[in-house]
Amino acid sequence: MTTHGWITLITIFMVIIALVNKKRIGPDLIMAGGLVILMIFGVVSFHDAVAGFAERPMLMIAGLFVVAAGLQETGGIELIGRKLLGRPTSLRTAQARMMVPVAAMSAFMNTTPIVAMYLPMVSDWAKRLKIPVSKLLMPLSFGAILGGQGTMIGTGSNLIIMGLFIEWWHHPPTWVTELGLSAPSGTVSMWGAAWIGIPVAFCGMLFILLTSRWLLPDRTPPHHNAAFKREYEIKMRVNTGSPVIGQNIADAGLRNLPDLYLHAMVRDDQLITGIGPQMTLQEDDKLIFVGDVDAVIDVRKIRGLVPATDELDYVTGDRFNRRLVEVVVSETSPLIGQTIKESQFRTRYNAVVLAVHRKGHHIEGKIGQIKLNSGDTLLVEANDDFLRDYRQSGDFYLVSEIENSRPPVHERAFVSLGILVLMIVLLTTNVIGRVAAIWLCGLLMIAMRCINGPTARKAINIQILIVIGAAMGIGKAVEQSGLAELASGYLLNLADTMNVGNYGTLFLVFAMTSIAAQLMTNFGAAVIMFPIVIGAAHGLDVSPYPFVFTMMAAAGCNFMTPISYQTNLMVYGPGGYHFTDFQRLGIPLTLLVAMVAVIVAPIVFPFTP
């Protein structure tokens, strides 16, 4: 091994150790730090080190963040999800009805907002079915991961690997042209992963349905102390044209909402209490909910329900800049002793009070008639200007923004879904370049008012992009230092010693990529393993296609630890899981995925054409 090879190998080990033992240092800084070390020692030139930040996969992923944000802001994801969920009556039915639509959506969208949307609904199922939520949340995450194997845009690692493979074909080596192979077409690049991804997803979900009863333990998530939760009473109106009109309370999904209950209803100025699940909803019904602030955010996002106040129509400013804010009335506030209507709150602050909490209790009655006291906590919908202008105001003790509380733009949901379909068609037909197709759709999301510019900018996850760009620089060092060729040689020698042939080598490729993905993110594993995998195919003098698509499955299927994938981390706490719970289901599931991928990949993409 050359000196540069040793430096690269030691740097990669240092990066892995830092990622596994990360405390306050993020993965972006760790990967960037590793790249800087390789630059300092001259393993890679400046040009090669930073070239990854301008590669097509990097730009495509950045654009996909904008498209996914548009779908999330309009409720497009929820529109699909709620229609497909239904009302399961058993654990196995719940798992199936959850995983199938989640997997289907994950093939075309970012898995994170999908899992975030399903979390409260799945928790509701667990309460209604009287089963531990731990039986549902890990299958939720794993279903999303399995579904991401269906297309090139399903996961970032798929997109990176396919991007690297297409770039590799721009200057193909002699050995691959002698085999009579050609670069992947638009259809293969977009849908090629589906040939392995669909069997993998089917077998994986079937395995979860059959074995999770025994492999997943019964866990109870930690309960937050209710004494620290502020309850609010919020009134929502059934809007004109709402999809819940004509449905009963249960079918509309308004029964047994997590941390929220339907307290009463106002119909034709008559207060109705003791609402049964079979009561049919009508236009202009005013529904009175009681729950904590997180539950209020969830009910605010239900399609067809709007706050039962016309005051919001008169709040000036861009609708995309609105959010929920909690404020505490100070002793010197001019609001004290006045009702909300008398204080002209909306005119004075350009904001609308939706609910009031006082001394541990929600305040009932018409919101405009509530007389305010010092120490009252008000739940307010306001623009960004309110936070800037009144954070230091003497009118309030505290002004606190509530995260992820921007009201959705439901009327644009079908527009956002249409843009998603357009993107899939453009990527499949390759009418225009892949980067241009994705960014065209991202800009259409902004132009069609599915999302605004500032929100689109915030949606682009710079940390992930730095990880990917730095990983590409490290991958270039692996190739140029000779480490890739050396690793490929060791891989082939091991396969030859074990006498396992092409299929065995393919399994070893899957194992190496999967282990790397658990240790250093799926992005890092994809980039660093790519030249090694190409070298293995070259050494066997066979087509690189089965190796590349098997590597896709390995890099994307992160089941073995809660920290190996974002959605695993999202369900880790709410499910009450222990760290080792992921290995109980994740290890056998990974082995099953490996077997399916290794068998199917050479059938679809033969070793020799």
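Visitor: Which residues of helix 6 are buried?

Guide: This is a predicted model, where local features need pLDDT of at least 70, side-chain atom pairs count only at pLDDT 80 or more, and totals for chains, interfaces and linings use all residues. Residues are numbered from 1 along each chain as its sequence is written, and side-chain values use heavy atoms, leaving out hydrogens and water. Helices (H or I, at least four residues) and strands (E, at least two) are DSSP runs numbered from the N terminus, while buried means under 20% relative accessible area, exposed over 50% and partly exposed in between (1.4 Å probe, protein chains only). In helix 6 the buried residues are Leu91, Ala94, Gln95, Met98, Met99, Pro101, Val102, Ala103, Met105 and Ser106.

Visitor: How far apart are the end C-alpha atoms of helix 6?

Guide: Helix 6 has 16 residues, and at 1.5 Å a residue they should span 22 Å. That expected span is 1.5 Å times one less than the number of residues. The model agrees with it, because the end C-alpha atoms of helix 6 are apart by 22 Å.

Visitor: How many aromatic pairs does the structure hold?

Guide: Rings of Phe, Tyr and Trp (its six-membered ring) pair if their centres lie within 6.5 Å; planes under 30 degrees apart count as stacked, over 60 as edge-to-face and the rest as tilted. The number of aromatic pairs in the structure is 22.

Visitor: What kind of pair do phenylalanine 108 and tryptophan 191 make?

Guide: The centres of the two rings are 5.8 Å apart. Their planes stand at 70°, so the pair of phenylalanine 108 and tryptophan 191 is edge-to-face.

Visitor: How many residues apart in sequence are the parts that phenylalanine 108 and tryptophan 191 tie together?

Guide: Phenylalanine 108 sits in the loop between helix 6 (91–106) and helix 7 (111–129). Tryptophan 191 belongs to helix 11, so this pair ties together parts whose separation in sequence, in residues, is 83.

Visitor: How does the relative accessibility of phenylalanine 108 class that residue: buried, partly exposed or exposed?

Guide: The value for phenylalanine 108 is 23%, which counts as partly exposed. Its ring partner, tryptophan 191, has a relative accessible area of 27%. Both residues fall in one class: phenylalanine 108 and tryptophan 191 are partly exposed.

Visitor: Are the rings of tyrosine 545 and phenylalanine 549 stacked or edge-to-face?

Guide: Tyrosine 545 and phenylalanine 549 are 4 residues apart in helix 21, so about one helical turn separates them. Their rings lie 6.5 Å centre to centre, with 15° between the planes, and the pair is stacked.

Visitor: And is phenylalanine 549 buried or exposed?

Guide: Tyrosine 545 has a relative accessible area of 9% and is buried. For phenylalanine 549 the relative accessibility is 2%, which makes this residue buried.

Visitor: Which residues do ring pairs link into a cluster with Tyr545 and Phe549?

Guide: Tyr545 and Phe549 are two names in this cluster. The residues that ring pairs link with them are Phe165, Trp168, Trp169, Trp175 and Phe605.

Visitor: Let's turn to the strands. What is the order of the open sheet of 5 strands?

Guide: Two strands pair if DSSP finds at least two bridges between them. In this open sheet the pairing is antiparallel. Strand 8 and strand 10 (396–401) are the edge strands, since each pairs on one side only. Across the sheet, the strand order is 8-7-9-6-10.

Visitor: How many residues of strand 7 are buried?

Guide: Strand 7 is mostly covered. Of its 8 residues, the number buried is 8.

Visitor: Which residue in strand 9 stands opposite alanine 355?

Guide: Strand 7 and strand 9 (residues 377–382) pair in the antiparallel sense over 6 bridges. Histidine 357 has threonine 377 as its bridge partner in strand 9. Opposite alanine 355 stands leucine 379.

Visitor: Which residue takes a positive phi in the hairpin of strand 7 and strand 8?

Guide: Strand 7 also pairs with strand 8 (residues 361–362), in the antiparallel sense and over 2 bridges. The bridge partner of arginine 358 in strand 8 is histidine 361. This hairpin has 2 residues between the strands, and the residue with a positive phi near 50° is lysine 359.

Visitor: Which residue takes a positive phi in the hairpin of strand 2 and strand 3?

Guide: Strand 2 (residues 260–267) and strand 3 (residues 270–273) run antiparallel, joined by 4 bridges. Alanine 264 has threonine 273 as its bridge partner in strand 3. With 2 residues between the strands, the residue taking a positive phi near 55° is aspartate 268.
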